[in-house]
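Trainee: Could you pick one part of this model and take me through it closely? I'd like the surroundings too, if they help.

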Amino acid sequence: MTMDFEEIVPVQAAAPRAVERTETPTGEIVLKVDDLTVRFPSDEGPVNAVQNLSYEARLGRTLAIVGESGSGKSVSSMTVLGLHNPERTFISGSVMLDGEEIVGASEATLRKVRSAKVAMVFQDPQSSLHPFYKVGGQIAEAYLAHHRVSKAVARKRAVEMLDLVGIPNPDRRAKQYPHEFSGGMRQRAMIALGLVNDPMLLIADEPTTALDVTVQAQILDLIGDLQKEFGSAVILITHDLAVVAEVSDDILVMYAGRAVERGLTRDVLARPNHPYTWGLLQSLPSASEDADSLKAIRGAPPSLVHLPPGCSFHPRCDFQDLVGDACLSQLPELRSVAPGRLIRCHLATPDETLNPEAALIDHQEISS
Ligand code: SF4
């Protein structure tokens, strides 16, 4: 690869984006997913990974996408990065990132968008950090790919980023390989790699699952701090509602490839209006409960090849008897029940919880 090093620019901290954290979503929309459907072929038939999904991410806000494994939360985010093999994936709908359409975009466009506009932090840092290259070198390379600067400037930027994410002795650490870092340090280095080009959107996919509880909290704090500093939009993909309560502004709950509930995190966790969200909250330990009293949602998520007719959640739903046949035969629409609040359930009614107990679940208590 040839590199033009003539124009040498000084390293500058990214200017904070003009965002204000507010209780209502007012930040500029940087990602708009509209009616997205993603299907893969399989020996058993098409896998309906994501169906008719719409959501948006805004500067300065964290959107949590929540669901069990197989709910489609990670697949939809991979689509944002254009990471699916177009020959083995059917994709329809629209994914607009900063005004650029991702669905159907050329590989050249996707390359330009990745890293410059959006970055991803995975559960396993090994999937982003190459084991055979020094950590600082990898961050510097990512910077060089989008900036006409000298290698020395890029190296300096890499050290600054390692410092920014809280890695001690960043100068020395930059010259080490990923295997010389602890799990938490590798995750920090991956965040430095993701943010080196000041992307407007950071997607963190189960970023703390493999870490112990103390390091988890540190990494989540770090992502929150960096979001404030950079003013970017964050999408946090997780199955952990305690994490959601702690760090997100908005929440999208997915089940079997579809959105089932959307709204402000504070409202949804305090008054869940979909039986699946309610079930997830019931299975969450709180300070006042012991593990034996937790209620897991019965059954398992359905096969995405053979989805149940009607509401996909009906085989596991404790509220289905209240509705009757409609749950078994009609797919509920995602309906607006209050400003910014959407529910996919035949039972959903504005400003009501499905179970009085749910109202007792206090957002603050969950996050403590
Ligand atoms: Fe349960 Fe019926 Fe609502 Fe589906 S539509 S979540 S089965 S009550």
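Mentor: Sure, and one bit of vocabulary before we dive in: contact means heavy atoms within 4.5 Å. This is a predicted model, so to speak with the usual filters: local features need pLDDT of at least 70, side-chain atom pairs count only at pLDDT 80 or more, and totals for chains, interfaces and linings use all residues. Residues are numbered from 1 along each chain as its sequence is written, and side-chain values use heavy atoms, with hydrogens and water left out.

Let's take helix α4, residues 151–164. Helices here are DSSP runs (H or I, at least four residues), as are strands (E, at least two), numbered from the N terminus. The expected span of a helix is 1.5 Å times one less than its number of residues. With 14 residues, α4 should span 20 Å, and its end C-alpha atoms are 20 Å apart, which agrees.

Now for its buried side: Val153, Ala154, Arg157, Ala158, Val159, Met161 and Leu162 are buried. That means under 20% relative accessible area, with exposed over 50% and partly exposed in between (1.4 Å probe, protein chains only). The buried residues of α4 pack against α3 (135–144), α5 (170–173), α6 (183–195) and α7 (213–230). After α4 comes glycine 166, with a positive phi near 85°.

Follow the chain on to arginine 173, and you'll find its charged end sitting over the ring of phenylalanine 181, 5.1 Å from the ring's centre. The cut-off for that is NZ of Lys or CZ of Arg within 6 Å of the ring centre and within 35 degrees of the ring normal.

For comparison, look at helix α1, residues 73–80, where six of the eight residues are buried. Those are Lys73, Val75, Ser76, Ser77, Thr79 and Val80. Just after α1, glycine 82 also has a positive phi, of about 65°.

Rings pair up elsewhere, too: the structure holds four aromatic pairs. One of them is tyrosine 276 with phenylalanine 313, edge-to-face at 5.3 Å centre to centre and 65° between the planes. Tyrosine 276 lies in helix α10 (275–282) and phenylalanine 313 in the loop between α10 and α11 (320–323), so the pair ties together parts 37 residues apart in sequence. Rings of Phe, Tyr and Trp (its six-membered ring) pair if their centres lie within 6.5 Å, with planes under 30 degrees apart stacked, over 60 edge-to-face and the rest tilted. Both tyrosine 276 and phenylalanine 313 are buried.
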